[in-house]
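This report goes through a protein model, moving from a single covalent link to the strands and then to the chain as a whole. Please keep the sequence and the coordinates at hand while reading.

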Amino acid sequence: QVQLAESGGGLVQPGGSLRLSCAASGSISRLYAMGWYRQAPGKQRELVAVIASGGSTNYADSAKGRFTISRDNAKNTVYLQMNSLKPEDTAVYYCNVELQEMGSWHRRTKWGQGTQVTVSS
């Protein structure tokens with residue numbers, strides 16, 4: 001089994017910063033793309049940023065210039081550094097990982113449980 005442990009959400013004032021972490025553990029053979037999505041109340045879940053196993057990144061337009069995604073392959077962890085936060089960034093942020101489990105030839109994706117980010121004065 002594979003577990004994803006997210007942390008780092010919370011309440012922050014506009015203009016502030018937060019760093020989200022998502023650590024994967026369990027019977028992992030290989031990790032591929034790792035990413036962050038978010039879902040605001042009444043809206044669909046949307047991609048925020050994704051990082052490939054080789055380190056290439058892709059960002060939503062709303063995240064470009066303010067958010068930075070990174071990963072530590074030795075720790076099976078992906079991070080999202082969020083700066084210059086705005087009230088419209090308020091959402092539940094979900095980690096998503098593409099992986100291959102030990103003993104399996106197939107890739108699959110797994111979602112984290114979500115962490116709340118609230119940007120408000």
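What is the torsion about the S-S bond of Cys 22 and Cys 95, and is the disulfide left-handed or right-handed?

## Basis of the values

The model is a predicted one, in which local features need pLDDT of at least 70 and side-chain atom pairs count only at pLDDT 80 or more, whereas totals for chains, interfaces and linings use all residues. Residues are numbered from 1 along each chain as its sequence is written, and side-chain values use heavy atoms, with hydrogens and water left out.

## The disulfide

The torsion about the S-S bond of Cys 22 and Cys 95 is about -75°, so the disulfide is left-handed. Cys 22 belongs to strand E3 (residues 18-26) and Cys 95 to strand E9 (residues 91-101), so the pair ties together parts that are 73 residues apart in sequence. Strands here are DSSP runs of E with at least two residues, and helices are runs of H or I with at least four residues, numbered from the N terminus.

The sulfur atoms of Cys 22 and Cys 95 are 2.1 Å apart, and a disulfide is defined as a pair of cysteine sulfur atoms within 2.5 Å; by this rule the count is one disulfide. Both Cys 22 and Cys 95 are buried, where buried means under 20% relative accessible area, exposed over 50%, and partly exposed in between, with a 1.4 Å probe and protein chains only.

## A four-stranded open sheet

Four strands form an open sheet in the order E1-E3-E8-E7, with antiparallel pairing; two strands pair if DSSP finds at least two bridges between them. Strand E1 (2-7) and strand E7 (67-72) are at the edges with a single partner strand each, so one side of each has no neighbour in the sheet. Neighbouring strands of this sheet are turned by 15° against each other on average, direction ignored, with axes fitted as lines to C-alpha atoms and angles running from 0 to 180 degrees between N-to-C directions.

At one edge, E1 and E3 pair in the antiparallel sense over six bridges, and Gln 3 stands opposite Ser 25 in E3. In a regular strand the side chains alternate between the two faces of the sheet. Along E1, Val 2, Leu 4 and Glu 6 point to one face and are buried, while Gln 3, Ala 5 and Ser 7 point to the other and are not. At the other edge, E7 and strand E8 (residues 77-82) are also antiparallel, with six bridges, and Ser 70 has Tyr 79 in E8 as its bridge partner.

## Asp 89 and its surroundings

Asp 89 lies in the loop between E8 and E9 and counts as buried at 1% relative accessibility. A polar contact of 2.7 Å joins its side chain to that of Arg 66, and a polar atom of the Asp 89 side chain lies 2.8 Å from the backbone nitrogen of Lys 86. A polar contact is a pair of N or O atoms within 3.5 Å; within protein, one must be able to donate a hydrogen and the other to accept it, and residues adjacent in sequence count only if both atoms are side-chain atoms.

Leaving aside residues up to four places away in sequence, Asp 89 touches Arg 38, Arg 66, Phe 67, Ser 84, Val 117 and Val 119, contact meaning heavy atoms within 4.5 Å.

## The chain as a whole

The secondary structure of the protein comes to zero helices and eleven strands. Of the 121 residues, 40% count as buried, and among contacts between residues at least 6 apart in sequence, 56% join residues at least 24 apart.
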